[in-house]
Amino acid sequence: MSKLHKDPIGTAEKAAKEISKITKKNKHDVALIMGSGWVSAAEALGTPTHEFAVTDLPGFPAPTVTGHGGKVRSYDLENSVKALVFLGRTHLYEGAGMEPVAHAVRTAVKAGCRTIVLTNACGGINTGYKVGQPVIIKDHISLTAASPLIGADFVDLTDLYSKKLRELVKAEDPSLEEGVYVHWRGPAYETPAEIRMMRTMGADLVGMSTVPEAIAAHALGAQILAISLVTNAAAGVTGEKLNHAEVIAAGKAAADRMGKLLAKVLPKL
Ligand code: 8IG
């Protein structure tokens with residue numbers, strides 16, 4: 001590894017050891033990264049055995065965006081499934097590069113998690129979507145030209161968003177649709193012309209997260225489930241302007257349904 005880069009996997013191993021120390025659990029099974037709007041959905045998982053600040057672990061920057069938690073919780077779910085839940089995440093647009101973006105999922109994999117569940121709030125490009133609708137991510141298009149991987153790590157992304165896990169979630173809730181998610185660096189939202197370009201490319205959803213985490217976790221052997229919550233119509237779809245407060249409000253309104261879905265699905269992953 002180039003000396004320009006730190007040691008991301010080593011730092012994740014250190015963070016995972018710290019989680020074991022804090023929770024007195026030698027491993028966790030599944031991790032959940034809760035994006036904006038999803039934090040209150042975590043309530044449906046019951047009472048965590050432990051809660052601590054991400055900044056108690058090595059390698060995590062303090063959270064910067066309103067609506068994001070900066071907390072980690074450990075849960076003992078049904079079927080003795082141990083779940084690690086990160087409330088909030090770091091985004092590429094925060095400007096610190098890919099390492100902090102990928103750190104939570106790398107830490108989770110090093111803590112033993114074989115399954116990573118990524119949630120986010122996003123814009124709806126598909127005009128059939130309604131605000132407040134959850135959509136399972138079936139594939140992605142990366143428009144950031146940035147990767148969390150460094151060096152000749154030619155990881156296969158054919159089944160990045162595990163078909164098996166997608167089928168399992170749809171069995172729980174057959175009304176759920178699947179879509180293609182575009183990763184946009186932000187922090188500015190897209191122009192209407194960019195949204196038309198994305199729709200032409202085959203995209204249904206657009207957001208500023210999830211993709212680097214999915215790639216980094218899959219490169220370490222984890223299977224991925226990703227669910228988006230459509231909290232606004234993408235630019236130009238309705239003629240309305242986009243604002244962050246509306247996104248937070250739409251997330252809060254849907255949190256109950258999301259929480260119940262996650263509580264049913266997590267112990268089965
Ligand atoms: I919430 O419309 C949310 N996040 N890029 N575009 C992009 N990210 C988003 C959007 C959106 N809404």
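Which residue just after α5 takes a positive phi? That is Gly221, with a phi of about 100 degrees. Please keep in mind that this is a predicted model. Here are my notes, starting with the helix that comes before this glycine.

1. **Helix α5 and its surroundings.** Helix α5 spans residues 211-219. Of its 9 residues, 7 are buried, so α5 is largely enclosed by the rest of the structure. The buried set consists of Val211, Pro212, Glu213, Ala214, Ile215, Ala216 and Ala217. These residues pack against one helix, α2, and against the strands β1 (30-34), β5 (115-124), β6 (134-142), β7 (177-183) and β9 (223-233).

2. **A buried ion pair on α5.** Glu213, one of the buried residues of α5, forms a salt bridge with Arg89, and the closest N and O atoms are 2.9 Å apart. Arg89 sits in the loop between β4 (82-87) and α2 (98-110), while Glu213 belongs to α5, so this pair ties together parts that are 124 residues apart in sequence. Both partners are buried, which is worth a look when you have the model open.

3. **Salt bridges within and around α3.** In total, the structure holds 14 salt bridges. One of them joins the side chains of Glu167 and Lys170, with 3.6 Å from N to O. Both residues belong to helix α3 (residues 163-172) and are 3 residues apart, about one turn of the helix. In general, an α-helix has 3.6 residues a turn, so residues three or four places apart point the same way. Glu167 has a relative accessibility of 37% and therefore counts as partly exposed. Lys170 is also partly exposed, at 22%. The pair is part of a wider network of salt bridges that links Arg166, Glu167, Lys170 and Glu178.

4. **From α3 across to α6.** Glu172 and Lys264 make another salt bridge, their closest N and O atoms lying 3.8 Å apart. This pair links distant parts of the chain, since Glu172 is in α3 and Lys264 is in helix α6 (residues 244-265), 92 residues away. Glu172 is partly exposed at 22% relative accessibility, and Lys264 is partly exposed at 41%.

5. **How α3 and α6 pack.** The two helices pack at an angle of about 120 degrees, with 10 Å between their axes. They are therefore oblique to each other, and α3 passes α6 in a right-handed crossing. On the α3 side the contact is made by Leu168, Val169 and Glu172, and on the α6 side by Leu261, Lys264 and Val265. By class, that gives 4 nonpolar, no polar and 2 charged residues. Glu172 and Lys264, the salt-bridge partners of point 4, both take part in this contact.

6. **How α1 and α2 pack.** Helix α1 (residues 8-23) and α2 cross at roughly 55 degrees, and their axes come within 8 Å. That makes α1 oblique to α2, and the crossing is right-handed. From α1, the contact takes in Pro8, Ile9, Thr11, Ala12, Glu13, Ala15, Ala16 and Ile19, and from α2 it takes in Glu99, His103, Arg106, Thr107 and Lys110. By class, this contact has 6 nonpolar, 3 polar and 4 charged residues. Helix α2 also appears in point 1, among the elements against which the buried residues of α5 pack.

Conventions
Residues numbered from 1 in each chain as written. Predicted model: local features only at pLDDT ≥ 70, side-chain atom pairs only at ≥ 80, totals over all residues. Heavy atoms only, no water. Salt bridge = Lys/Arg side-chain N within 4 Å of Asp/Glu carboxyl O. Helix = DSSP H or I, 4+ residues; strand = E, 2+ residues; numbered from the N terminus. Buried < 20%, exposed > 50% of the residue type's maximum accessible area, 1.4 Å probe, protein only. Axes fitted to C-alpha atoms, helices over the stretch in contact; angles between N-to-C directions. Parallel < 35°, antiparallel > 145°, perpendicular 65-115°, else oblique. Left-handed = near helix turned anticlockwise from the far one by under 90°. Contact = heavy atoms within 4.5 Å. Nonpolar A, V, L, I, M, F, W, Y, C, P; charged D, E, K, R; others polar.
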